[in-house]
Structures are given as structure tokens and as C-alpha cells.
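Please keep the sequence and the coordinates side by side while reading the paragraphs below. They go from the spaces inside the fold to the charged pairs, and then to the surface.

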Amino acid sequence: MPPPLQSSPYFPMDNPTILSLLHPTPGEKHKSSSNGGGLLRMFKLFPMLTSGCKMGKPRRKPLLNHTAATCTIFGYRKGRVFLAIQADPNCVPMFVIELPMLTSVLQKEMESDMVRIALESDTKTHKKKLLEEFVWAVYCNGRKMGYSIRKKHLCDDELHVTQLLRGVSTGAGVLPTLNHKESSDGELTYMRARFERVVGSKDSEALHMINPDGAPGPELSIFFLRSY
């Protein structure tokens with residue numbers, strides 16, 4: 001059981017719980033490679049994108065099951081990043097959270113070609129499932145970014161993104177804003193991909209991005225941990 005981490009500004013990414021959720025040795029070869037996959041490269045180029053929306057082809061049949069999920073990272077260029085998790089790209093997200101970090105900060109972290117986001121909940125009950133927890137400490141590449149609260153209900157912008165990307169399994173680019181209104185936070189950007197789901201226990205789970213171009217090893221991993 002991982003110890004409470006709220007008092008520390010760093011998350012020990014080499015702790016046993018995290019290591020147990022990582023992919024085995026084949027992914028280690030990719031860690032030293034400077035060639036990232038297509039989606040992460042495109043997300044880094046968001047400041048250079050000016051118009052249009054690059055999307056994957058809509059799928060008629062859902063491709064996801066209990067071992068996979070669809071994750072969308074979206075937000076305005078100058079605003080904070082949102083994370084949405086769906087069992088299927090055609091359904092309402094089961095988990096949405098506004099991360100305590102700006103889009104520009106996440107882009108900078110992606111320069112390493114390996115991004116690990118960890119969310120930890122310090123709960124006092126055993127009744128909820130892991131992703132039903134509300135309060136999360138958020139870490140990016142081992143550094144504490146702050147706290148976030150899982151959203152109970154989607155706001156207009158979040159519903160707008162969900163509707164625009166309905167049926168889209170993979171893609172990245174710029175989306176039209178709600179009612180095509182200009183925002184002082186810049187353009188609305190997104191990245192969506194399928195993630196492999198690895199369950200360590202009822203208190204630990206990880207999502208590893210599946211690169212559509214077939215590159216070995218995950219570039220982006222999201223960890224969920226719960227301590228008592």
C-alpha cells in the first residue's frame with residue numbers, strides 16, 4: 001500500500017505500485033528513443049496549428065472493452081487541461097477532471113517523449129470504486145501540480161467537446177469553440193487516443209496510450225492510486 005503523498009511536492013515514480021503497473025521491458029527501449037508517436041508530436045505542435053480539425057475516422061462498432069478505454073485531453077491553449085475517460089467514444093465520459101496545470105505546461109513536459117500523470121486519492125472509505133473518488137492530488141512526471149476534484153456534471157464546454165468527438169476513436173487538433181465564440185484563452189485543442197487499461201488492485205490502475213502508428217511502448221501513461 002503506497003504511503004500518503006500529499007505532504008510531498010514529488011511523487012516517487014519508482015515506487016512498487018507504479019512499477020507493477022508499467023509495461024515490461026519492451027517499452028524500456030522506447031524510453032531512450034527520440035522519435036515520439038504521431039499523436040504526441042501533434043499535441044506538441046498545437047501552438048503552430050491555426051485552423052481545422054484533424055480527426056480519426058468514426059467507428060461504427062465500439063472497439064473497447066474492460067481492458068481498454070478512450071481518453072481525451074483537451075483545453076484552451078492558455079487555459080487548464082481537462083482529462084476525460086470513456087469506455088466507448090460514443091458514450092458519455094465516466095470520468096472528467098480539470099487538471100491543475102496549463103496546456104503550455106503539459107506541452108513542455110511532452111518534450112521528454114514520456115509523460116506520466118499520477119492521480120492519488122487519500123480516502124477514508126472502502127465503498128467507492130477507484131474512479132468514483134472525488135478529490136485527487138495530481139502529479140506530472142513526479143512533480144506535484146496541485147489538487148483537482150472529479151466533476152459530477154459536465155459543463156457546456158465539456159459537453160460540446162464530447163458531442164464534437166462522438167464516434168472519433170483517435171485524433172488531435174483544434175476544435176471550433178462553443179457557438180464559435182472567441183476566447184481570451186485561445187483555441188480549443190484536443191488529443192484523443194485509445195489506452196490500454198492495467199488493473200493492479202481495487203486501489204491502483206493505469207492507462208497506457210496505444211500509439212496508432214504502431215510505435216513500441218507507451219508515450220503517455222496515467223496512473224490512479226488510492227491510499228488509506
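Which element gives the most to the lining of the largest pocket? Before answering, it should be said that this is a predicted model, and that every value below is computed from it. The answer is β8, which contributes 3 residues to that lining. The strand spans residues 188-201, and β1, β2 and β9 stand beside it as elements that each supply at least two residues of the lining of the largest pocket.

The largest pocket holds about 350 Å³ of space. It is lined by 20 residues, and those closest to its centre are Met94, Lys129, Leu131, Arg197 and Glu205. By class, the lining of this pocket is made up of 10 nonpolar, 4 polar and 6 charged residues.

Two of the residues closest to the centre of the pocket, Arg197 and Glu205, are also partners of each other, for they form a salt bridge in which the closest N and O atoms are 2.8 Å apart. Side chains of opposite charge can pair when their charged atoms come close. The two partners are not covered to an equal degree: Glu205 is buried because its relative accessibility is 8%, whereas Arg197, with a relative accessible area of 32%, is partly exposed.

Enclosed space is a separate matter from the open pocket, and here the count comes to 2 cavities of 30 Å³ or more. The second largest cavity has a volume of about 40 Å³, and its lining consists of Thr72, Phe74, Ala84, Gln86, Pro93, Glu158, Val161, Thr162 and Arg192. Which elements supply at least two residues each to this lining? They are β1 (68-76), β2 (80-86) and α5 (156-164), and among the contributors α5 gives the most, with 3 residues. The lining of the second largest cavity divides into 4 nonpolar, 3 polar and 2 charged residues.

The charged pairs deserve a closer look, since a search of the whole structure finds 7 salt bridges. One of the pairs joins Asp203 to Arg226, with 2.8 Å from N to O. Asp203 lies in the loop between β8 and β9 and Arg226 in strand β10 (residues 220-227), so this contact ties together parts that are 23 residues apart in sequence. Both Asp203 and Arg226 are buried, and the two residues belong, together with Glu133 and Lys202, to a network of salt bridges.

Another pair is found between Arg143 and Glu109, where the closest N and O atoms are 3.3 Å apart. Because Arg143 lies in strand β6 and Glu109 in helix α4 (residues 103-109), this salt bridge ties together parts that are 34 residues apart in sequence. What does the accessibility of each partner say about its cover? Arg143 has a relative accessible area of 37% and is therefore partly exposed, while Glu109, at 17% relative accessibility, counts as buried because the cut-off for that class is under 20%.

Strand β9 (residues 204-209) leads to another part of the chain that merits inspection, for Met209 is found in it. Is Met209 buried or exposed? With a relative accessibility of 3%, Met209 counts as buried. The C-alpha atoms of Met209 and Leu220 are separated by 5.4 Å, although these residues are 11 residues apart along the chain.

Strand β6 (residues 143-149), on the other hand, leads to the surface through Ile149, which is found in that strand. Ile149 is exposed because its relative accessible area, 56%, is above the cut-off of over 50%. Together with Val135 and Tyr147, Ile149 forms a nonpolar patch on the surface, and the three residues have about 310 Å² of accessible area together.

Between β5 (135-140) and β6 runs a loop, and Asn141 has its place there. What is notable about the backbone of Asn141 is the angle phi, which is near 50 degrees, a positive value in a residue other than glycine. Asn141 counts as partly exposed, with a relative accessibility of 30%.

Note on methods. Residues are numbered from 1 along each chain as its sequence is written. This is a predicted model: local features need pLDDT of at least 70, side-chain atom pairs count only at pLDDT 80 or more; totals for chains, interfaces and linings use all residues. Side-chain values use heavy atoms; hydrogens and water are left out. Patches are made of residues with over 30% relative accessible area and no salt bridge: like charges are joined within 9 Å, nonpolar side chains (Val, Leu, Ile, Met, Phe, Trp, Tyr) within 5 Å. Accessible areas come from the Shrake-Rupley method with a 1.4 Å probe; for residues, only the protein chains shown count as cover. A salt bridge is a side-chain nitrogen of Lys or Arg within 4 Å of a carboxyl oxygen of Asp or Glu. Helices (H or I, at least four residues) and strands (E, at least two) are DSSP runs, numbered from the N terminus. Buried means under 20% relative accessible area, exposed over 50%, partly exposed in between (1.4 Å probe, protein chains only). On a 1 Å grid over the protein atoms alone, a cavity is a set of points where a 1.4 Å probe fits but cannot get out, and a pocket is an open set with protein on both sides within 12 Å along at least five of seven lines; lining residues have an atom within 4 Å of a point. Grid points are joined across faces, edges and corners, and a volume is the space filled by probe spheres set on the points. Ala, Val, Leu, Ile, Met, Phe, Trp, Tyr, Cys and Pro count as nonpolar, Asp, Glu, Lys and Arg as charged, and the others, Gly among them, as polar.
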